[in-house]
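Me: I am new to this structure and would like a close look at a single part of it. Please take one helix and its packing as the centre, and then place it in its surroundings.

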Amino acid sequence: MKEIELKIPNLGEAEDTEIIEISVKKGDKLCKNDPIIVLESEKAAMEVPSDFDGKIIEIKVKEGESVKEGTVFAVIEVEENQIHSVEKEEVQIIKKEGSVNEEKTQTIENNLTDFSGINAGPAVRKIARELEIDLNEIIGSGKNKMITKDDLKNFIHSNNNALKIEYADLKSLEIFGDYEILNQTKISKAGARNLTQSWNSIPHVSHFEEAEITKIEKQRKELNEVSAIKITPLAYIIKATSLALNEFPLMNSSLVGDGKVMIKKYINIGVAVNTDQGLVVPVIKDVNNLTIGKIAENILDISIKAREKKLMKDDINGSTFTISSLGEIGGTGFSPIINPPEVGILGVSRAKNVAKIDNEQLIKTIFLPFSLSYDHRVINGVDAGNFMSYIKRTIEKGL
Ligand code: CAO
């Protein structure tokens, strides 16, 4: 038997990751892949499973503690013969992560504003990159117009109103009666900050439309009779949206600088998933290359992962457009808030039966209401109208 220290793996978000649950205690026997702790970063909650069959000897962390990559969180006793096979797996994982990180670094560098020609020291550049501040917008007060840390701080303060969250005054409210205080999860708090920033910095406009889905509902029923997994109307909407994004690339873009719009050549759709930790937005990649069946599989996969806290960094990053469906819950329409740095988000409401006169006959049809909120700095009303009409036509003619 051998004692092994279990360490926090590379989760990409390690600097701001908190332990929200310890699922085992000293003396517990575990099998490989059994969850040991649950971590929560600003974007997702995720389980860290055991790499071994074994027995917990010691837990080295507490709930609520912040941890980062490499922190030892438990000691486990295992049979020695397990270690070699896991070591082999680890080498493969590390290699894989290495290549993902390289890719990621490159994407981040590509997405960043160009700082060439800017007179600023490495510390100022680092902070600007971390906070996604465009140094081109700051006039330096140092020698040769060098941007100093103070210049950066002043810039942040003067732009801070966009990030400020307004809170109600507890003291003035508590006089009216009994109450209780609920603590928001980290995901909900991060969501509140992101939504505030999005709402305060992006001029939102919403556009409402509806499509007759009688044809695709018939097709969906037929598919569901032979499909191993349930296909919901959302799979069709995601498919129609990906075709529309392909046709109207401006909607698949980000505003990356003054007058600079980055059109993305890939279509990754973020899907808002409701979980007991809050709203998370995992991403379905290269949607335009997927069939309806594959999209349905992906919806199921990401919603299970989100609800079981198994989303990893790669599952939640890189969306180019987002869809938020309240279809099951109801409502005739709503204005979703854009998920920056995207320029549009589609909201899906509940389908309804509508009686229609066709050839002097009263027939039953089904209509689906959907809405688009768009960034009016990039998209104008005509673009939005054309995009929505395209989705409507695509759905109505059948997919
Ligand atoms: N109209 C009518 N019924 C609909 C529908 C619509 N637009 N969309 C889905 N449904 C039906 C489905 O067909 C399914 O019916 P059956 O159970 O009878 O087969 C039922 O509603 C449940 O669907 P689902 O929720 O399991 O699956 P989905 O693909 O529609 O959605 C997901 C998946 C992950 C998006 C959803 O579960 C979810 O989390 N939605 C909430 C998202 C949210 O919170 N958005 C708000 C963000 S802003 O705060």
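Reply: What follows looks closely at helix α7 and its two crossings, and then turns to the hairpin and some loops.

This is a predicted model, in which local features need pLDDT of at least 70 and side-chain atom pairs count only at pLDDT 80 or more, while totals for chains, interfaces and linings use all residues. Residues are numbered from 1 along each chain as its sequence is written, and side-chain values use heavy atoms, with hydrogens and water left out.

For orientation, the protein chain has 10 helices and 19 strands, where helices (H or I, at least four residues) and strands (E, at least two) are DSSP runs numbered from the N terminus. Of its 399 residues, 37% are buried, a word that stands for under 20% relative accessible area, with exposed being over 50% and partly exposed in between (1.4 Å probe, protein chains only).

Helix α7 covers residues 233–247, and its axis comes within 9 Å of that of helix α8, residues 292–307, with a crossing of roughly 115°; axes here are lines fitted to C-alpha atoms, for helices over the stretch in contact, and angles run from 0 to 180 degrees between N-to-C directions. That angle makes α7 roughly perpendicular to α8, given that 65 to 115 degrees counts as roughly perpendicular, under 35 as roughly parallel, over 145 as roughly antiparallel and the rest as oblique. On the α7 side the contact (heavy atoms within 4.5 Å) is made by Leu 234, Ala 235, Tyr 236, Ile 238 and Lys 239, and on the α8 side by Ile 292, Ile 295, Ala 296 and Ile 299. These residues divide into eight nonpolar, no polar and one charged, where Ala, Val, Leu, Ile, Met, Phe, Trp, Tyr, Cys and Pro count as nonpolar, Asp, Glu, Lys and Arg as charged, and the others, Gly among them, as polar.

Helix α7 also meets helix α10, residues 381–397, and here the axes come within 9 Å and cross at roughly 135°, so α7 and α10 are oblique to each other. From α7 the contact uses Ile 237, Ala 240, Thr 241, Leu 243, Ala 244, Leu 245 and Glu 247, and from α10 it uses Phe 387, Tyr 390, Ile 391, Thr 394 and Ile 395. The division in this contact is nine nonpolar, two polar and one charged.

Further along the chain, strand β10 (residues 253–257) runs antiparallel to strand β11 (residues 260–263), and four bridges join them; strands are said to pair if DSSP finds at least two bridges between them. Gly 257 has Lys 260 of β11 as its bridge partner. The two strands, β10 and β11, form a hairpin with two residues between them, and Gly 259 in the turn has a positive phi of about 75°.

Some loops complete the picture. In the loop between β18 (352–358) and β19 (361–375) lies Asn 359, which has a positive phi of about 55° although it is not a glycine, and Asn 359 is exposed, with a relative accessible area of 71%. Glu 360 is placed in the loop between β18 and β19 as well, has a positive phi of about 65° without being a glycine, and counts as exposed at 76% relative accessibility. Elsewhere, a cis peptide bond with omega of about 10° joins Pro 340 and Pro 341, and Pro 341 is found in the loop between β16 (321–325) and β17 (344–348).
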